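Let's take a walk through the structure below and see what its rings, charges and one of its helices are up to.

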Amino acid sequence: MGSFTHYGFLMLALLFSSCMVTYGGNFYQEFDFTWGGNRAKIFNGGQLLSLSLDKVSGSGFQSKKEHLFGRIDMQIKLVAGNSAGTVTTYYLSSQGPTHDEIDFEFLGNVTGEPYILHTNIYAQGKGNKEQQFYLWFDPTKNFHTYSIIWKPQHIIFLVDNTPIRVYKNAESVGVPFPKNQPMRIYSSLWNADDWATRGGLVKTDWAQAPFTAYYRNYMAQSFSPSQFSDQKWQNQELDSNGRRRLRWVQKNFMIYNYCTDIKRFPQGFPPECRRF
């Protein structure tokens with residue numbers, strides 16, 4: 001897996017490094033705490049951030065800046081041990097009843113059982129585009145990089161620079177796509193034991209509290225307006241290595257895909273599913 005990170009996405013990295021504005025590095029400069037009081041903390045001169053959850057409250061933060069298209073990277077080390085009932089979120093979102101949103105959610109589990117990585121996309125206030133995955137590593141032992149590439153023609157979710165999901169713009173068949181509303185970056189750690197682990201059957205063990213997740217090496221790259229008139233850039237997709245790794249993840253680690261849920265859509269799958 002490690003060698004792929006170094007060279008498998010070289011061309012993709014070069015593509016996204018040109019003509020962009022880059023932010024990142026210091027949590028003091030880039031983020032505000034939004035709730036949870038002293039359960040959210042910044043260490044090491046702004047290089048490390050933690051969120052904690054106890055029986056009284058969780059905690060969260062948001063970016064000072066908004067972004068309209070770009071690439072977002074964050075290294076996260078998730079809650080270790082018995083994390084059942086907890087949810088760690090990391091997402092882009094605008095505000096209001098017709099908001100857009102691009103989600104990573106990490107659903108905790110009992111000790112020794114895998115986290116579930118939940119992804120979703122909202123456009124004009126409507127979501128219901130879930131895909132869920134197991135990870136191919138223990139996300140509590142070390143930091144791992146979780147990334148979103150957001151372009152007018154698609155959204156790519158990546159884990160350690162390996163694509164796990166590509167959601168393509170399907171406006172041509174009447175499906176809204178997030179493209180007009182700037183979004184901030186948000187993260188939170190909270191209790192969701194009414195649904196998070198085995199549909200709510202496993203509750204949070206408060207004897208294990210506080211639960212803590214850690215963040216570092218944040219980077220945001222905003223695409224410049226000149227790139228949107230570049231047809232080659234607009235049409236750029238994953239390279240052959242990226243497509244191969246995407247197939248590998250979806251074959252071996254995907255555990256739910258709304259586009260194959262016949263019970264949920266007995267009258268036919270949503271149009272973006274039929275198209276792709």
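What follows is a short report on aromatic contacts, one helix and a pair of annotated residues.

## Aromatic pairs

Keep in mind that this is a predicted model. Searching the whole structure turns up 18 aromatic pairs. Take Phe61 and Tyr215: their rings meet edge-to-face, with 5.1 Å centre to centre and 90° between the planes. Phe61 belongs to strand E5 (residues 59–63) and Tyr215 to strand E15 (residues 211–223), so this pair ties together parts that sit 154 residues apart in sequence. Both Phe61 and Tyr215 are buried, and they also belong to one aromatic cluster together with Phe27, Phe31 and Tyr218.

Phe104 and Phe106 do things another way: their rings are stacked, 6.1 Å centre to centre and with 5° between the planes. Phe104 has 0% relative accessibility, so it counts as buried. Phe106 counts as buried too, because its relative accessibility is 0%.

## Charges over rings

Two rings have a basic side chain for company. Lys77 lies over the face of Tyr214, 5.8 Å from the ring centre. Over at Trp248, the charged end of Arg245 sits above the ring, 4.5 Å from its centre.

## Helix H6

Arg245 is also a good way into helix H6, where it is one of the buried residues, alongside Gly242, Leu246 and Val249. Looking down the axis of H6, the buried residues fall within an arc of 105°, so they line one face of the helix. The face turned away from that buried side carries Arg247 and Lys251, which are exposed.

How does the length of H6 check out? The helix has 13 residues (residues 240–252), and at 1.5 Å a residue these should span 18 Å; the end C-alpha atoms are 18 Å apart, so the two values agree. At the N-terminal end, Asp239 acts as the cap of H6, with a side-chain oxygen 3.2 Å from the backbone nitrogen of Asn241.

## Annotated residues

Now for what the record says. UniProt, in an unreviewed entry, places the feature "active site" at Glu101 and Glu105. In the model, Glu101 is found in strand E8 (residues 101–107).

Is Glu101 buried or exposed? Its relative accessible area is 13%, so Glu101 is buried, given that buried means under 20%.

Note on methods:
Residues are numbered from 1 along each chain as its sequence is written. This is a predicted model: local features need pLDDT of at least 70, side-chain atom pairs count only at pLDDT 80 or more; totals for chains, interfaces and linings use all residues. Side-chain values use heavy atoms; hydrogens and water are left out. Rings of Phe, Tyr and Trp (its six-membered ring) pair if their centres lie within 6.5 Å; planes under 30 degrees apart count as stacked, over 60 as edge-to-face and the rest as tilted. Helices (H or I, at least four residues) and strands (E, at least two) are DSSP runs, numbered from the N terminus. Buried means under 20% relative accessible area, exposed over 50%, partly exposed in between (1.4 Å probe, protein chains only). A charge sits over a ring if NZ of Lys or CZ of Arg is within 6 Å of the ring centre and within 35 degrees of the ring normal. The expected span of a helix is 1.5 Å times one less than its number of residues. The arc is that of the directions from the helix axis to the C-beta atoms. A polar contact is a pair of N or O atoms within 3.5 Å; within protein, one must be able to donate a hydrogen and the other to accept it, and residues adjacent in sequence count only if both atoms are side-chain atoms. UniProt positions are given in the numbering used here, feature names are shortened, and annotations may be inferred rather than shown by experiment.
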